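Work through the exercises below with the sequence and the coordinates at hand. Each task is followed by a solution in steps.

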Amino acid sequence: MPLTPVTEADIAEVSRQLGRPARDIVAIAARCVCGKPTVVHTAPRLSDGTPFPTFYYATCPKLTGAISTLESSGIMAKMNERLITDPELAGKYQAAHIDYEAARCAVARELNIEVPEIEGVTAGGM
């Protein structure tokens, strides 16, 4: 998967969104209608050597606020229950897990890095 170049303006905007310097962004995964980054691709291994399984990292405060609102509503517990009782949803969840890991591995190959510590691990709230 070829990575979309990240501009200095993107880095500055993500840093502003996060309230700290952005780290190890390799591409912009999604933008809002105004063109600002909302989700970034983060390197699977940070420049300080730390393994980083969260490949798709939400940076937009409105998006992260909406996610937090959903999480605080108890939706994750409900979805975990559904995964046990709904085979179709469980299959789609497994496919998403496989796709996520494959995309992250493709970027690791493109960056010529290995991160065996996170094999089989996808992001929290996946």
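**Exercise 1. Name the bridge partner of I25 in β2, then describe the pairing around β2.**

Step 1. I25 has T42 as its bridge partner in β2. Strands here are DSSP runs of E with at least two residues, helices are runs of H or I with at least four residues, and both are numbered from the N terminus. The model is a predicted one, in which local features need pLDDT of at least 70, side-chain atom pairs count only at pLDDT 80 or more, and totals for chains, interfaces and linings use all residues. Residue numbers start from 1 along each chain as its sequence is written, and side-chain values use heavy atoms, with hydrogens and water left out.

Step 2. Five bridges link β1 and β2, and the sense is antiparallel. Two strands count as paired if DSSP finds at least two bridges between them.

Step 3. The hairpin of β1 and β2 has five residues between the strands, and in it G35 takes a positive phi near 95°.

Step 4. On β3 (residues 56-58), β2 is joined by three bridges, again in an antiparallel arrangement. V39 is matched with A58 of β3 as its bridge partner.

Step 5. β2 is largely enclosed by the rest of the structure, because six of its six residues are buried. Buried means under 20% relative accessible area, exposed means over 50%, and partly exposed lies in between (1.4 Å probe, protein chains only).

**Exercise 2. State which residues of helix α1 are buried and what they pack against.**

Step 1. Helix α1 covers residues 8-18, and its buried residues are D10, E13, V14, S15 and Q17.

Step 2. An α-helix has 3.6 residues a turn, so residues three or four places apart point the same way.

Step 3. The buried residues of α1 pack against β1 (25-31), β2 (37-42) and α2 (61-72); contact means heavy atoms within 4.5 Å.

Step 4. V14 can also be compared with Q94, which is found in helix α4. The two are 80 residues apart in sequence and 30 Å apart in space, C-alpha to C-alpha. Q94 counts as partly exposed, at 40% relative accessibility.

**Exercise 3. Locate the positive phi values of D24 and N112, and give the exposure of each residue.**

Step 1. Most residues other than glycine have a negative phi, and most peptide bonds are trans.

Step 2. D24 has a positive phi near 55° and is found in the loop between α1 and β1. With a relative accessible area of 23%, D24 is partly exposed.

Step 3. N112 has a positive phi near 60° and belongs to the segment after α4 (87-111). Its relative accessible area of 72% makes N112 exposed.

Step 4. For a glycine case, take G19, which follows α1 and has a positive phi near 75°.

**Exercise 4. Describe the largest cavity and the second largest pocket by volume and lining.**

Step 1. On a 1 Å grid over the protein atoms alone, a cavity is a set of points where a 1.4 Å probe fits but cannot get out, and a pocket is an open set with protein on both sides within 12 Å along at least five of seven lines; lining residues have an atom within 4 Å of a point. Grid points are joined across faces, edges and corners, and a volume is the space filled by probe spheres set on the points.

Step 2. One cavity of 30 Å³ or more is found in the whole structure. The volume of the largest cavity is about 90 Å³.

Step 3. Its lining includes V14, L18, I25, V40, T42 and F52, and α1 and β2 each supply at least two lining residues. The lining divides into eight nonpolar, two polar and two charged residues. Ala, Val, Leu, Ile, Met, Phe, Trp, Tyr, Cys and Pro count as nonpolar, Asp, Glu, Lys and Arg as charged, and the others, Gly among them, as polar.

Step 4. The second largest pocket holds about 200 Å³ of space. Among its lining residues are P44, E101, R104, C105 and I113. Its lining has seven nonpolar, no polar and five charged residues.

**Exercise 5. How many disulfides does the structure hold?**

Step 1. A disulfide is a pair of cysteine sulfur atoms within 2.5 Å, and the structure holds zero.

Step 2. For C60, the closest cysteine sulfur is that of C32, 6.3 Å away and too far for a bond.

Step 3. C60 counts as buried at 15% relative accessibility, while C105 counts as partly exposed at 30%.
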